[in-house]
Amino acid sequence: MAAAAAACGLVAAGVLSGAGTAVAEEAPQTQGGATATINGLKTYGEAVIHEDGGDQKVAAGLFEMSVDGGGTLQTYCVDLHNPTRPDARYQETPWSGSSLGANKDAGRIHWILRNSYPQVNDLAALARKAGADGLTEQDAAAGTQVAIWRYSDGAEVDAVDPQAEKLADYLEKNARNVAEPRASLTLDPPVVSGRPGGLLGPVTVHTDAGAVTVSPPADAATSGVRVTDRAGRAVTSARDGSTLYFDVPDDTTADALRGSGGTAGTARLTVQASTTVPVGRAFVSESHSQTQILAGSSESTVSASATATWAAEGAVPAVSARENCAAGGVDVIASNQGDEPFTFTLMGAEHTVPAGASRTVTVPLQEDQAYDFTVTGPDGLSHRVTGVLDCRTRGAITTETTQLRNDPSPATVGGVAADTTDLAATGGSAMTPLIAGVAIGLVVIGGAVLVVLRRRETTHD
């Protein structure tokens, strides 16, 4: 029971967030793209995981997510031994921000997604390729998930249904490396800085959508800050490769901050589009719910934002952060477009960025470690970074079981007998054996106590 509590204690919610200066509003900072809430396992069959501790049955197949702003995603799990949290929120992320970043077989997983269900929805054709007669949607989903797990987790796993197992073997054998798909929508860089009285940028739009809508800062009418192209023309829409700039008037700093005690200002622009999210994009949860990979997408809402900071004199910093799974930590990226050095404090240590330069400081973290630290600097700069590092799949079944709402219980998935030791239908692990073991232990202890009491009673008589 103590071990189970310790495992549960590793899970903590978190997002990357920050404020450029003391006068900036603190807002979530993400890589951009789609944000969605998981609804549960929708199309699935059964699989058996073979481990040293014995065989474990688990439901295997397609999850469904609801996209913020509209749209639906279908995903497979690439993080077998972590549980799926009910109503967990997910953010589209590059492979480098997930366990796929360090997985040499990530490209093979991408191939499987592109060459199996639901991307290939002609089940008869898929069955012929795999030699799997009578392949159903449930078989196709289970076989695809099993093949993915063999590459994502290195798991020794088989599909229960013979046709699903044939599909899994076919996909595993034929998988080839396919490059990481591009983001549905992102802005690079997410933070820019400079002097007022000119254009701050550029911020480059990367998207697979035909066009994106550009929204100016919320206080544009009073601050005078505009979003423009390189020529200074106002921009309300953009496409892949477009460059955006913040046009900051000379008097913006003085007018906006008069009486606030600060010397810098900030503004944020947002871009949004409706598009299908590319197959193979990773989705990571802020609550340490198991990592997912995209298998299909309806027309969905995607968005991204960028922030500009400026100051009339001295250092002009821009700070952002991102998880770096290859380095096993979080990268804090600080740049300085001012004419004086910028010194910031991170984890009790000071770091200096010369004028016109940038610097990346990596905060090393242990796998599954929750982190919460703040970058502080002059003029009240405070950039908080929180989250949980989830870069690797686990090598053993966890002691947590989490049941999604409306999902069948592990004991009834596919007609599994009630006394069978199962994993959760969400791809989590077997809490049931732990509870059963504790219960049996308590029964044994109780029986021993009764025997001792009876012997004492007999001796007394």
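## Helix α2 and its surroundings

Helix α2 is largely enclosed by the rest of the structure, because seven of its nine residues are buried. The structure is a predicted model. The buried residues of α2 are A106, G107, I109, H110, W111, I112 and L113. Their cover includes two strands, β5 (72-77) and β17 (292-297), and two helices, α4 and α5 (162-174).

## How α2 packs against α4

Two packed helices are described by the angle between their axes and the distance between the axes. For helix α2 (residues 106-114) and helix α4 (residues 137-152), the angle is about 170 degrees and the axes lie 9 Å apart. Angles over 145 degrees count as roughly antiparallel, so α2 is roughly antiparallel to α4.

On the α2 side, the contact is made by R108, I109, I112 and L113. On the α4 side, T144, A147, I148, Y151 and S152 take part. Sorted by class, the contact has six nonpolar residues, two polar ones and one charged one. I109, I112 and L113, which belong to this contact, are also among the buried residues of α2.

## Helix α3

Helix α3 covers residues 123-130, and its buried residues are L123, A125, L126, A127 and A130. Helices α4 and α5 are among the elements that cover them. Both helices are also included in what covers the buried residues of α2. Just after α3 comes G131, which takes a positive phi of about 70 degrees.

## Strand β20 and its two partners

Strand β20 runs from residue 329 to residue 336 and is mostly covered, with seven of its eight residues buried. One partner of β20 is strand β19 (residues 317-324); the two run antiparallel and are joined by eight bridges. Within this pair, A318 stands opposite S335 of β20. β19 and β20 form a hairpin, with four residues between the strands. In the turn, G328 has a positive phi of about 70 degrees.

Strand β23 (residues 357-364) is also joined to β20 by eight bridges, and these two strands run antiparallel as well. Here D331 of β20 stands opposite T362 of β23.

## An open sheet of four strands

Another part of the model is an open sheet made of four strands, in the order β8-β10-β14-β12, with antiparallel pairing. Which strands form the edges? They are β8 (185-188) and β12 (226-228), each of which pairs on one side only. On average, and ignoring direction, neighbouring strands of this sheet are turned by 30 degrees against each other.

At one edge, β8 pairs with strand β10 (residues 198-207) over four bridges, in the antiparallel sense. One bridge in this pair links L185 with T207 of β10.

## Confidence in the model

How confident is the prediction, and what is the average pLDDT of the protein chain? The average is 80, and 76% of the residues score at least 70. Residues 1-29 have a pLDDT below 50, and this stretch has 78 contacts in the model beyond near neighbours in sequence. Residues 449-461 also have a pLDDT below 50, but this stretch has zero contacts beyond near neighbours in sequence.

How values were computed:
Residues numbered from 1 in each chain as written. Predicted model: local features only at pLDDT ≥ 70, side-chain atom pairs only at ≥ 80, totals over all residues. Heavy atoms only, no water. Buried < 20%, exposed > 50% of the residue type's maximum accessible area, 1.4 Å probe, protein only. Pairing = 2+ DSSP bridges. pLDDT = per-residue confidence, 0-100. Contact = heavy atoms within 4.5 Å. Axes fitted to C-alpha atoms, helices over the stretch in contact; angles between N-to-C directions. Parallel < 35°, antiparallel > 145°, perpendicular 65-115°, else oblique. Nonpolar A, V, L, I, M, F, W, Y, C, P; charged D, E, K, R; others polar.
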